[in-house]
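Work through the exercises below with the sequence and the 3D view side by side. Try each task before reading its solution.

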Amino acid sequence: AYFYHQPGQAFAAGQDSENQLLVTANSSQFTSDTHWLRSDVDAFFVQKAIDAGALYFDQSTIIEQQSQGHQRFVIEREGQRHTIDARFLLVATGNPQLWNGAMTIPSTGILPRTNTRSIFAHFAGVARFADVMQSEGQSTSVHPFDCDQSALHHVFDGGWMWQLRFDDETTSVGFTWDARRHPADSQATSKEVFTQWLDRFPSIKRQFTHATIVRPDSQLRQVARLQHELRQAAGDNWALLPAAVGYSDPLFSTGIGHSLFAVDSLIKVLGDLDHPERLREGLNDYGRRLAAEIDLVDRIVSMAYRASSRFAQYVACTMTYFAAATTCEQALKDDPEGSKMPAFLLADGTDFLESLGVIEQGLRDASCNRDGEETDLRFEAVAREALAPFNHVGLFEPEMPRMYRYTAAK
């Protein structure tokens with residue numbers, strides 16, 4: 001769910017929903033995404049791994065690491081040292097600080113396009129935005145789903161706020177800004193920054209009248225830049241999952257889906273663990289594919305930020321992501337074994353990349369024009385035509401303006 005806000009003004013949906021966009025990503029309420037509390041999900045999966053025979057060492061420090069034909073780690077946990085030998089190492093963390101001291105993985109630079117910063121925490125008592133809309137005289141009757149059960153995006157020029165309401169009724173909340181357009185104020189505290197931005201948007205501010213921070217104990221967290229250095233994705237007996245290689249931005253919630261695509265690829269590669277040459281070739285292919293996927297996410301995300309001064313153009317840019325995601329979903333439906341699966345978000349598709357280039361050029365052309373709605377319509381037409389081969393779910397043509405009731409593969 002996307003809602004577009006103007007500074008100093010209450011949210012106004014518009015007569016034809018020109019300031020909102022809701023896209024149903026699932027075929028039913030039963031199979032919909034659920035925002036379970038992350039720590040509960042992590043604990044659940046850890047227990048499943050232990051039940052399957054995994055050895056689990058939490059709260060550990062890596063003291064030593066060697067890689068000579070196999071992986072050997074010496075870790076310290078609760079005052080005791082343990083030596084771990086393994087044929088293969090998989091780095092699944094998104095925090096480079098957790099493994100930088102133990103393993104030297106070459107850097108290949110930083111994502112070239114997106115430069116965003118963020119401030120965030122978990123809150124209790126955040127009012128539902130649908131209730132705020134109704135109290136301000138805005139109807140939600142055209143919404144295809146409860147917007148507060150979705151990944152809710154409050155969008156504004158140069159940034160956005162996410163709201164993810166968990167099953168325990170606490171809410172993950174974070175402002176994210178294009179740091180080049182909204183540079184950080186080094187003199188302001190985290191609380192002052194958060195309050196200043198709430199004050200700009202009256203309808204969002206009303207959600208936080210009775211809200212309190214519940215996590216983390218240190219209160220609001222700030223990250224000066226969300227993007228971290230890109231890393232080599234694989235070596236002879238190790239590999240990294242996407243978040244450890246490079247990260248763009250949470251705008252399109254690509255993290256979990258991208259990780260699942262990478263796991264699926266690595267399962268196939270690790271089938272050659274006893275065949276070094278085939279394993280090396282498979283890992284090289286995995287690394288090249290992962291680099292292309294991360295670059296593609298960066299392109300789509302940065303394009304949306306550039307378009308955020310005009311919501312109509314921003315919406316057209318989001319269709320690039322939805323077209324790629326739904327095409328991948330359809331490919332998985334048609335090929336359940338995944339033997340012919342495309343790269344994540346069609347990053348290996350020459351035709352799709354050419355279409356993306358056309359849309360990027362169209363956005364550059366639109367930024368040079370100042371005739372408002374006419375420019376918006378021309379850019380939408382460019383995006384619609386470029387994405388036509390990948391539009392399987394009626395993008396650009398909802399029955400109700402900007403309200404998509406079904407886009408998931410049946």
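The exercises concern a predicted model and go from its nonpolar cores to some backbone details.

**Exercise 1.** Find which elements give two or more residues to the largest nonpolar core.

Solution. Start with the core itself: it has 49 residues, and among those with the most contacts inside it are Tyr2, Leu251, Phe252 and Tyr314. Next, list the contributing elements: strand 1 (2-4), strand 2 (20-23), strand 10 (159-165), helix 7 (276-307), helix 8 (311-334), helix 9 (350-367) and helix 10 (373-387). Helix 8 gives the largest share, twelve residues. Apart from this core there is a second, separate one of 24 residues, which includes Ile75, Phe88, Leu89 and Val269.

**Exercise 2.** Leaving aside neighbours within four places in sequence, find which residues Phe252 is in contact with.

Solution. Set those neighbours aside; the contacts of Phe252 are then Tyr2, Ile300, Val301, Ala304, Thr318 and Tyr321.

**Exercise 3.** Locate the cis peptide bond that joins Arg215 to a proline.

Solution. The proline is Pro216, and omega of the bond is about -5°. Pro216 is in the loop between strand 12 (212-215) and strand 13 (221-223).

**Exercise 4.** Is Ser17 buried or exposed, and where is Ser17 placed?

Solution. First, place Ser17 in the loop between strand 1 and strand 2. Its phi is near 55°, a positive value in a residue other than glycine. Then apply the cut-off: buried means under 20% relative accessible area. Ser17 has 7% relative accessibility, so Ser17 counts as buried.

**Exercise 5.** Describe the backbone and accessibility of Glu169.

Solution. Glu169 lies in the loop between strand 10 and strand 11 (170-178). Glu169 is not a glycine, yet has a positive phi of about 70°. With a relative accessible area of 39%, Glu169 is partly exposed.

Terms used:
Residues numbered from 1 in each chain as written. Predicted model: local features only at pLDDT ≥ 70, side-chain atom pairs only at ≥ 80, totals over all residues. Heavy atoms only, no water. Core = buried A, V, L, I, M, F, W, Y, C linked by side-chain atoms within 4.5 Å. Buried < 20%, exposed > 50% of the residue type's maximum accessible area, 1.4 Å probe, protein only. Helix = DSSP H or I, 4+ residues; strand = E, 2+ residues; numbered from the N terminus. Contact = heavy atoms within 4.5 Å.
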